[in-house]
Amino acid sequence: MTTALIADDEIALADYLKSQLAELWPELKVVALAHNGVDALRLIDELAPDIAFLDIQMPGLTGLDVANRLMDSDIVPRIVFVTAYDQYAVEAFEREAVDYLLKPPSLERLQRTLDKLKRQLHEPEPIKPAPSPDLLGKLAELLGQQPSVASRLEWIRAAHGNETRLIAVDEVIYFEARDKYVSVFTSEGESLIRTPLKELLDGLDPARFWQIHRGTIVAVRHIAGTVRDFRGRTLLKLKAHPEQLVVSRAYLHLFKQM
């Protein structure tokens, strides 16, 4: 039986990837979920999985750190990097024959990765499973140059009645475009900003915020699940918030297992 480990500090994303793998490759056994690089390295040593899905950005050790340390180990799984970086950076990974998944991965993209892994696992002469130290150095350098990471939004200045508030992005439940404004919903209520939703999306961490509709962006950690209404639409349920949000067809793949 082929085994795999998933390492991602975003618990919802790790669970989501696990559910996708169960659908596309039922015979694959996910032996462990790790939520930081230190645990990932320990579990790989203990369980010796055939495949490791490593998030690039994790506390303790990054996915690249884990891959580097595996170079000196007798246990080297086939590594698939999981990243929130844009397509241009990821294309460089692919040219160097390193597998990757953009967060959150679609079923179609994941299927291509799994097909590649299956071919490698059945090669008469196994392909070296881990990327070279030189390649890991190139990836680390490339990731360090990504301007999108440095410019991630952490605070938002918004109007709340007659006040102007500074809202931490971590406090946001969801954003919704309305006419000339974008509403920002937190546990304290609704505030307004003039930043266009597209510009806002470019500044948010895609691992923490998902667009579910052309006018709606939701914080992943506040997602409770989905329901279908009498019209056949998929509605998103939020934790500790009564509002239900419409998920458009273009984004249904994010919630296929819910």
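E190 is partly exposed, with a relative accessible area of 33% (buried is under 20%, exposed over 50%, and partly exposed lies in between, using a 1.4 Å probe on protein chains only). E190 meets R178 in a salt bridge, 3.2 Å from N to O (a salt bridge puts a side-chain nitrogen of Lys or Arg within 4 Å of a carboxyl oxygen of Asp or Glu). This pair ties together distant parts of the chain, with R178 in strand β8 (residues 172-178) and E190 in strand β10 (residues 189-193), twelve residues apart. Helices (H or I, at least four residues) and strands (E, at least two) are DSSP runs numbered from the N terminus.

Keep in mind that this is a predicted model, where local features need pLDDT of at least 70 and side-chain atom pairs count only at pLDDT 80 or more, while totals for chains, interfaces and linings use all residues. Residues are numbered from 1 along each chain as its sequence is written, and side-chain values use heavy atoms, with hydrogens and water left out.

**The chain overall**

- The protein chain has eight helices and 15 strands.
- Of its 258 residues, 47% count as buried.
- Take the contacts between residues at least 6 apart in sequence: 56% of them join residues at least 24 apart (contact means heavy atoms within 4.5 Å).

**Salt bridges**

- Searching the whole structure turns up nine salt bridges.
- R178 also pairs with E176, at 2.7 Å from N to O.
- In that pair, R178 is partly exposed at a relative accessible area of 36%, whereas E176 counts as buried at 17%.
- E163 forms a salt bridge with R165, and their closest N and O atoms are 3.3 Å apart.
- Both ends of that bridge count as partly exposed: E163 has 45% relative accessibility and R165 has 24%.

**Helix α2**

- In helix α2 (residues 37-47), the buried residues are G37, A40, L43 and I44.
- These buried residues sit on the same side of α2, because they cover an arc of only 125° around the axis (the arc is that of the directions from the helix axis to the C-beta atoms).
- An α-helix has 3.6 residues a turn, so residues three or four places apart point the same way.
- D45 and E46 are exposed on the other side of α2.
- What do the buried residues of α2 pack against? Their partners are β1 (3-7), β2 (29-34), β3 (51-55) and α3 (63-70).
- Where α2 starts, a side-chain oxygen of N36 comes to within 3.1 Å of the backbone nitrogen of V38.
- Just past the end of α2, A48 takes a positive phi of about 50°.

**T216 and its neighbours**

- T216 belongs to strand β12 (residues 216-219).
- Is T216 buried or exposed? It is buried, with a relative accessible area of 6%.
- Leaving out residues up to four places away in sequence, T216 touches Y174, F175, E176, L197, W210, Q211 and L245.

**Pocket and cavity**

- Both are found on a 1 Å grid over the protein atoms alone: a cavity is a set of points where a 1.4 Å probe fits but cannot get out, a pocket is an open set with protein on both sides within 12 Å along at least five of seven lines, and lining residues have an atom within 4 Å of a point.
- Grid points are joined across faces, edges and corners, and a volume is the space filled by probe spheres set on the points.
- The largest pocket has a volume of about 400 Å³.
- It is lined by 20 residues, and those closest to its centre are K103, P104, P206, Q211 and Y251.
- Two elements, α8 (197-203) and β11 (209-213), give two or more residues to the lining of the largest pocket.
- There is one cavity of 30 Å³ or more.
- The largest cavity holds about 60 Å³ of space.
- I6, A7, D8, L13, A14, L17, F53, V82, K103 and P105 line the largest cavity.
- The elements giving two or more residues to this cavity lining are β1 and α1 (11-24).
- Which element gives the largest share of the lining of the largest cavity? That is α1, with three residues.

Technical notes
Polar contact = N/O pair within 3.5 Å; in protein donor to acceptor, adjacent residues only side chain to side chain.
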